[in-house]
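Good morning. I will walk through one structure, starting with its strands and ending with its charged side chains. Please have the sequence and the picture open.

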Amino acid sequence: MRFRHPDGTLVHLAYCTNVHPAEDLDGVLAQLARYAEPVRERLGAGTLGVGLWLAADVARALADEAALARLRRELTARGLEVVTLNGFPYRAFHAPVVKRAVYVPDWTERARLDYTLDLARILQGL
């Protein structure tokens, strides 16, 4: 949802999907349908901002233009707009024990850079 701050700036209120596990694109789309869209409907909002957590494998899959177009279509059809991406952790956000594993790979590894660049491309494409 978009609000106007008293100083005139635009403020986004977004529903963050990192509370729901999804390790592939179908899972991401399912959580949008099951959770984010009903939240938007309940609020009576025409558009609801979402913060997407995308596991590294999903981010890599969205490098494919057809997959990214599919995500874009689903977001539009559900009245959702991505206002932020969560690039942490890399994967298995909902594993039984996350702890230190969320820091792997770290910034000394090329995989973390590649993941971050994938997320930047996705956000630009959306």
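**Strands, a helix and some salt bridges**

Start with V50: its bridge partner in β5 is V82. Before I go on, note that this is a predicted model.

That pair belongs to a longer contact. Strand β5 covers residues 80–86, and β4 pairs with β5 in the parallel sense over 6 bridges. On β4 there is also a pairing with β3. Those two strands run parallel and are joined by 3 bridges. One position to find on the picture is A14, which stands opposite G49 in β4.

Now look at β4 by itself, residues 48–53. How many of its residues are buried? The count is 6 of 6, and the strand is mostly covered. In a regular strand, side chains alternate between the two faces of the sheet. Here, L48, V50 and L52 point one way from β4, while G49, G51 and W53 point the other way. Both sets are buried.

Next, the connection. Which elements make the β-α-β unit? They are β3, helix α1 and β4, and the unit is right-handed. Helix α1 runs over residues 25–43, and we will need it again shortly.

A brief stop at the surface. L13 sits in the loop between β2, residues 10–12, and β3, residues 14–16. Is L13 buried or exposed? Neither word fits: its relative accessible area is 45%, so L13 counts as partly exposed. Together with F3 and V11, L13 makes a nonpolar surface patch of about 250 Å².

Now the charges. A search of the whole structure finds 9 salt bridges. I will show three of them.

The first joins the side chains of E37 and R78, at 2.6 Å from N to O. This pair links distant parts of the chain, 41 residues apart. E37 is in helix α1, whereas R78 is in the loop between α3, residues 65–77, and β5. Both E37 and R78 are buried. They are also part of a network of salt bridges that links E37, E74 and R78.

The second involves R40, which is another residue of helix α1. The side chains of R40 and E41 meet in a salt bridge at 3.9 Å, N to O. Why does R40 count as buried? Because its relative accessibility is 15%, and buried means under 20%. The side chain of R40 has a further contact: it reaches the backbone oxygen of R78 at 2.8 Å. R78 therefore comes up twice, as the salt-bridge partner of E37 and, through its backbone oxygen, as a contact of R40, a residue that is buried with a relative accessible area of 15%.

The third is in helix α4, residues 110–125. The side chains of R110 and D114 meet there at 2.7 Å, N to O. R110 and D114 are 4 residues apart, about one turn of the helix. Which of the two words, buried or exposed, applies to R110? R110 is exposed, because its relative accessible area is 57%. D114, at 25% relative accessibility, counts as partly exposed.

To close, three places to revisit on the picture. Look at β4, with β3 paired on it and β5 paired on it as well. Look at R78, with the side chain of E37 and the side chain of R40. Then look at R110 and D114 in helix α4.

Definitions and conventions
Residues are numbered from 1 along each chain as its sequence is written. This is a predicted model: local features need pLDDT of at least 70, side-chain atom pairs count only at pLDDT 80 or more; totals for chains, interfaces and linings use all residues. Side-chain values use heavy atoms; hydrogens and water are left out. Patches are made of residues with over 30% relative accessible area and no salt bridge: like charges are joined within 9 Å, nonpolar side chains (Val, Leu, Ile, Met, Phe, Trp, Tyr) within 5 Å. Accessible areas come from the Shrake-Rupley method with a 1.4 Å probe; for residues, only the protein chains shown count as cover. A salt bridge is a side-chain nitrogen of Lys or Arg within 4 Å of a carboxyl oxygen of Asp or Glu. Buried means under 20% relative accessible area, exposed over 50%, partly exposed in between (1.4 Å probe, protein chains only). Two strands pair if DSSP finds at least two bridges between them. A crossover is right-handed if, with the strands pointing away from the viewer, the path from the first strand over the helix to the second runs clockwise. A polar contact is a pair of N or O atoms within 3.5 Å; within protein, one must be able to donate a hydrogen and the other to accept it, and residues adjacent in sequence count only if both atoms are side-chain atoms.
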